[in-house]
Amino acid sequence: MTYQLRPIGTIRTPYRSLDECPRNTIQGGAFSRIVIDPEWSDGLFGLAPGDAILVLYWLDRASLGKLRQTSRMSGETRGIFALRTPRRPNPLGAAVVTIDDIEENEIHVRGLDCLDGTPLIDIKPAMAGESADEMTAS
């Protein structure tokens, strides 16, 4: 069975290589811009600074690795489903971040852990009761 995803924009971060990326999302981390393609920009209506959002993105430069990998954070070997590694069967990235600002078709946030130019798949409000700080603490 095959599925297709259509990017709705691009994520702009300061990170050019995996070694530069933080190991996980970091609240208060580096400034990033989520740039929505103009055809989707009206979908930002209702979002505001201070809102926590779930950002879904495609880790387009990742390749499938071994099913067990060593965590860059802890040094432990674990299965890929127990890690945030980009090297997985479907290299989806997910982060809960807080909106700093919105300007036309751009959302300004801090703390994304992806490479510059990463395709944006979707944005959703974070689940009720979960702030970006609470999500990254777990």
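This passage walks through a predicted model, starting from its nonpolar core and moving on to its salt bridges and two loop residues.

A good place to begin is the interior. The largest nonpolar core is built from 18 residues. Those with the most contacts inside this core are I34, I53, V55, Y57, I107, L112 and L120. Several strands contribute: β2 (31–36), β3 (52–58), β6 (92–103), β7 (106–110) and β8 (118–125) each provide at least two of the core residues. As background, nonpolar side chains in soluble globular proteins tend to be buried together.

I107 offers a helpful view of these surroundings. With neighbours within four places in sequence left aside, the residues in contact with I107 are S32, R33, I34, L44, L47, I53, I99, D101, I102 and I123. Two of these partners, I34 and I53, are themselves listed with I107 among the core residues with the most contacts.

Attention now turns to charged pairs. In general, side chains of opposite charge can pair when their charged atoms come close. The structure contains six salt bridges. One of them joins R16 to D116, with 2.8 Å between the closest N and O atoms. This pair links distant parts of the chain, since R16 sits in the loop between β1 (9–12) and β2, whereas D116 sits in the loop between β7 and β8, 100 residues apart. The two partners also have contrasting surroundings: R16 counts as exposed because its relative accessibility is 57%, over the 50% cut-off, while D116 is buried because its relative accessible area is 13%, under the 20% cut-off.

A salt bridge also connects R33 and E106, whose closest N and O atoms are 3.0 Å apart. R33 belongs to strand β2 and E106 to strand β7, so this pair ties together parts of the chain that lie 73 residues apart in sequence. R33 is partly exposed, at a relative accessible area of 28%, and E106 counts as buried at 18% relative accessibility. R33 has already appeared above as one of the contacts of I107.

In another salt bridge, R110 pairs with D100, and the closest N and O atoms are 3.4 Å apart. Here strand β7 supplies R110 and strand β6 supplies D100, so the pair ties together parts that are 10 residues apart in sequence. Both partners are partly exposed, with relative accessible areas of 36% for R110 and 38% for D100. Beyond single pairs, salt bridges with shared partners bring R12, R16 and D116 into one network.

Two loop residues complete the picture. T13 is found in the loop between β1 and β2, and this residue counts as buried at 6% relative accessibility. The side chain of T13 reaches the backbone oxygen of C114 at a distance of 2.8 Å. Apart from neighbours within four places in sequence, T13 is in contact with S32, C114, L115 and D116. Among these, D116 is the salt-bridge partner of R16, and S32 is also a contact of I107.

S71, in turn, is located in the loop between β4 (68–70) and β5 (77–79). S71 counts as buried because its relative accessibility is 14%, under the 20% cut-off. Not counting residues up to four places away in sequence, S71 touches E76 and L83.

How values were computed:
Residues are numbered from 1 along each chain as its sequence is written. This is a predicted model: local features need pLDDT of at least 70, side-chain atom pairs count only at pLDDT 80 or more; totals for chains, interfaces and linings use all residues. Side-chain values use heavy atoms; hydrogens and water are left out. Helices (H or I, at least four residues) and strands (E, at least two) are DSSP runs, numbered from the N terminus. Buried means under 20% relative accessible area, exposed over 50%, partly exposed in between (1.4 Å probe, protein chains only). Contact means heavy atoms within 4.5 Å. A nonpolar core is a set of buried Ala, Val, Leu, Ile, Met, Phe, Trp, Tyr and Cys residues joined through side-chain atoms within 4.5 Å. A salt bridge is a side-chain nitrogen of Lys or Arg within 4 Å of a carboxyl oxygen of Asp or Glu. A polar contact is a pair of N or O atoms within 3.5 Å; within protein, one must be able to donate a hydrogen and the other to accept it, and residues adjacent in sequence count only if both atoms are side-chain atoms.
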